[in-house]
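Here is a short note to read alongside the model. Keep the structure open and find each residue as you go.

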Amino acid sequence: PPQGELVLDVQAVRKQFGGLVAVNDVSFQVKAGEIVGLIGPNGAGKSTTFNLVTGVLPATSGAVSFRGQRIDGLASRDIARRGLSRTFQHVKMIPTMTVLENVALGAHLRGSRGVAAAMLRLDRAEERSLLREAERQLKRIGMEQYLHEQAGNLAMGPQRLMEIARALCADPALLLLDEPAAGLRHKEKQALVEVLRQLRSEGLSILLVEHDMDLVMQVTDRIVVMEFGTKLMEGTPSEVQASPAVRAAYLGT
Ligand code: ADP
Ligand code: MG
């Protein structure tokens, strides 16, 4: 999509779990080539919002549009097929397989029903094309030296990048990352920052749920702050940093 074009439009989405309003009519947008951060204290509703956007949970009300088309109500695999890709907070992999195989398998499993069924249906030509795409995406984010390493031997930083490579297969327009910096060392975080900036420069949009304030401040164009299910504020990193309301939400002062 052209720079500045609306990619994700979240309009007054709401999620109630019985009497609890986990997400209270929250609206925000992500434009092409933009990295938007979604932050807030524990229990604020960030993960639930993520799950509403990706179709993992049905919304109680509200609308979600992706590149001008409504996606709320669609199954998560259909949303993924339209070009909205996500990573999960906990890395999913088969530790004895190589990084390349894990990314290829993950790309194939996206939107399909089960591992066994997926593998049985795969013919040689499909397998080769999946491996080619996996290799292309791993190289795109600087993972060429890890292609043939066992995934289980990777440090946390490269594991997270492997997840991102998997989400990049099939060239999504929007990437949703769930706490990609959790458990990373300083140098690994800097490598992640570089990858996110590179992807943005290639025109990808990113929605980032992240606890690491330093990383969020370094890499986002805009930040949406949630508290108790509602949107507390939205602004640039410096606006958010200067906000007394945000400080109060985080520090309880
Ligand atoms: P965050 O990701 O910001 O920490 P969540 O979206 O996980 O917050 O949770 C928001 C609120 O919704 C919390 O009070 C949480 O306990 C509640 N919640 C989340 N998922 C469920 C669920 N499946 N059933 C009931 N309550 C839930
Ligand atoms: Mg969460």
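The points below go through the sheets, two helices, two single residues and the ligand.

1. Status. This is a predicted model. Please read every value below as computed from that prediction.

2. The open sheet. Four strands form an open sheet, and their order is S2-S1-S4-S5. The pairing is antiparallel. Which strands lie at the edges? They are S2 and S5, and S5 covers residues 69–70. Each of these two pairs on one side only.

3. S1 with S2. Strand S1 spans residues 6–17, and strand S2 spans 20–31. Eight bridges link S1 and S2 in the antiparallel sense. To find one of the pairs, start at Asp 9: its bridge partner in S2 is Gln 29. The two strands form a hairpin with two residues between them. In that hairpin, Gly 18 takes a positive phi near 60°.

4. S1 with S4, and S4 with S5. S1 also pairs with S4, again in the antiparallel sense, over five bridges. Here Leu 8 has Phe 66 in S4 as its bridge partner. S4 covers residues 61–66 and is joined to S5 by two bridges. These two strands run antiparallel. Look for Ser 65, whose bridge partner in S5 is Arg 70.

5. Val 13, a residue of S1. Is Val 13 buried or exposed? Val 13 counts as buried, because it has 23 C-beta neighbours inside 10 Å and 20 are enough for that label. Leaving aside neighbours within four places in sequence, Val 13 is in contact with Val 23, Val 26, Thr 49, Leu 52, Ala 59, Gly 62 and Val 64. Take Val 23 from that list. Val 13 and Val 23 are 10 residues apart in sequence, and their C-alpha atoms are 7.0 Å apart in space.

6. Leu 74, for contrast. Leu 74 sits in the loop between S5 and helix H2, which covers 76–81. Leu 74 has 17 C-beta neighbours inside 10 Å, so it counts as partly exposed. Not counting residues up to four places away in sequence, Leu 74 touches Gly 55 and Ile 79. How many ångströms separate the C-alpha atoms of Leu 74 and Asn 42? The separation is 28 Å, for two residues 32 apart along the chain.

7. Strand S3. S3 covers residues 35–39, and five of its five residues are buried. Both faces are covered. Ile 35, Gly 37 and Ile 39 lie on one side. Val 36 and Leu 38 lie on the other. S3 is joined to two strands, S8 and S9. Four bridges join S3 to S8, residues 205–209, and the two run parallel. Ile 35 stands opposite Ile 206 in S8. Four bridges also join S3 to S9, residues 222–227, again in parallel. Val 36 stands opposite Arg 222 in S9.

8. Helix H5. This helix has 17 residues, 124–140. It reaches 24 Å from first C-alpha to last, close to the 24 Å expected at 1.5 Å a residue. Leu 130, Ala 134, Gln 137 and Leu 138 are buried in H5. They cover an arc of only 100° around the axis, so they lie on the same side of H5. The face turned away from that side carries exposed residues: Arg 124, Ala 125, Arg 128, Ser 129, Arg 132 and Lys 139. Just after H5, Gly 142 takes a positive phi of about 75°.

9. Helix H6. H6 has 13 residues, 156–168, and reaches 19 Å, close to the 18 Å expected at 1.5 Å a residue. H6 is mostly covered, with 11 of its 13 residues buried. Among them are Arg 160, Glu 163 and Arg 166. H6 is followed by Ala 170, whose phi is positive, near 80°.

10. Ligand 1. Which residues surround ligand 1? They are Phe 17, Leu 20, Ala 22, Gly 40, Asn 42, Gly 43, Ala 44, Gly 45, Lys 46, Ser 47 and Thr 48. Two elements give two or more residues each: strand S2 and helix H1, which covers 46–53. H1 supplies the largest share, three residues. The shell divides into four nonpolar, six polar and one charged.

Conventions. Residues are numbered from 1 along each chain as its sequence is written. Chains are lettered from A and ligands numbered from 1 in the order in which they are written. This is a predicted model: local features need pLDDT of at least 70, side-chain atom pairs count only at pLDDT 80 or more; totals for chains, interfaces and linings use all residues. A residue is near a molecule or strand if its C-beta atom, placed from the backbone, lies within 6 Å of it. Ala, Val, Leu, Ile, Met, Phe, Trp, Tyr, Cys and Pro count as nonpolar, Asp, Glu, Lys and Arg as charged, and the others, Gly among them, as polar. The expected span of a helix is 1.5 Å times one less than its number of residues. A residue is buried if 20 or more other C-beta atoms lie within 10 Å of its own, exposed if 12 or fewer, and partly exposed in between; C-beta atoms are placed from the backbone. The arc is that of the directions from the helix axis to the C-beta atoms. Two strands pair if DSSP finds at least two bridges between them. Two residues are in contact if their C-beta atoms, placed from the backbone, lie within 7 Å.
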